[in-house]
Amino acid sequence: MCGQFGIPFWEFFLATMIGKAIIKTHIQTLFIISVCNNQLLDWVENELIWVLSFVPGFASFLPSIVAKLQSMKDKYMATKPRVPLNVEAKKWDFSLAFIWNTVVWFMLMNFFVKIVNATAQRYAKEQQEKEIATLEKKS
């Protein structure tokens, strides 16, 4: 994207890194903590129910929605049975996920090659311009 829009790579990379590594991870961390903390989750749920009770026409649907959310919460918070140890793994799974991961891998490798190539071309251009400047000074 940075090459498409003419943004220098390092400016794009640093902005992306700040956005993903600093901002996004903190938001995701807070979300996971709030979802996995039962006390905080119950508090957020009660506050959300209180706010939604003021929405006109929503109060009649609210008890059924809360019941469904509670059943989903109980389902996902319940411990799952352990898998027996004598289960054999599949040999090789040629699936859509495998194909997609392969395509993404090739796209990333292509991106890396283009970055290295563009950096090498820019360096070579700078060296050629320096050589031309020194030749012009001599003549």
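Okay, so let's start in helix H2, with Trp-10 and Phe-13: both sit in that helix, 3 residues apart, which is about one turn. Keep in mind that this is a predicted model.

The two rings form an aromatic pair, and the geometry is edge-to-face, with 5.6 Å from centre to centre and 90 degrees between the planes. Now, is Trp-10 buried or exposed? It counts as exposed, because its relative accessibility is 54% and the cut-off for exposed is over 50%. Phe-13 comes in at 35%, so that one is partly exposed.

Phe-13 has another partner, Phe-9. These two also both lie in H2, which runs over residues 9-36, and they are 4 residues apart, again about one turn of the helix. In total, the model has 4 aromatic pairs. For Phe-9 and Phe-13, the ring centres are 5.7 Å apart and the planes meet at 20 degrees, so this pair is stacked; the limit for stacked is under 30 degrees. As for exposure, Phe-9 has a relative accessible area of 22%, so it goes down as partly exposed.

Put those pairs together and you get a cluster: Phe-9, Trp-10 and Phe-13, linked by ring pairs.

Okay, pockets next. Phe-9 turns up again here. The largest pocket has a volume of about 560 Å³. Which residues lie nearest its centre? Those are Cys-2, Gly-3, Phe-9, Phe-111 and Ile-115, out of a lining of 19 residues. So Phe-9, at 22% relative accessible area and partly exposed, is both a member of the ring cluster and one of the residues nearest the pocket centre.

If you look at the lining by helix, H1, which is residues 2-5, and also H2 and H5 each give at least two residues. Which helix gives the largest share? That would be H5, with 10 residues.

Since we're on H5, which covers residues 96-138, let me point out Trp-100, which lies in that helix. Its relative accessibility is 55%, so it counts as exposed, the cut-off being over 50%. Trp-100 is also part of a nonpolar surface patch of about 770 Å². The other residues making that patch are Phe-94, Leu-96, Phe-98, Ile-99, Val-103 and Met-107.

So if you have the structure open, here are two places to click through. One is the ring cluster of Phe-9, Trp-10 and Phe-13, and from Phe-9 you can go straight on to the largest pocket. The other is the nonpolar patch with Trp-100 in it. That's it from me.

Technical notes
Residues are numbered from 1 along each chain as its sequence is written. This is a predicted model: local features need pLDDT of at least 70, side-chain atom pairs count only at pLDDT 80 or more; totals for chains, interfaces and linings use all residues. Side-chain values use heavy atoms; hydrogens and water are left out. Rings of Phe, Tyr and Trp (its six-membered ring) pair if their centres lie within 6.5 Å; planes under 30 degrees apart count as stacked, over 60 as edge-to-face and the rest as tilted. Buried means under 20% relative accessible area, exposed over 50%, partly exposed in between (1.4 Å probe, protein chains only). Patches are made of residues with over 30% relative accessible area and no salt bridge: like charges are joined within 9 Å, nonpolar side chains (Val, Leu, Ile, Met, Phe, Trp, Tyr) within 5 Å. Accessible areas come from the Shrake-Rupley method with a 1.4 Å probe; for residues, only the protein chains shown count as cover. A salt bridge is a side-chain nitrogen of Lys or Arg within 4 Å of a carboxyl oxygen of Asp or Glu. On a 1 Å grid over the protein atoms alone, a cavity is a set of points where a 1.4 Å probe fits but cannot get out, and a pocket is an open set with protein on both sides within 12 Å along at least five of seven lines; lining residues have an atom within 4 Å of a point. Grid points are joined across faces, edges and corners, and a volume is the space filled by probe spheres set on the points.
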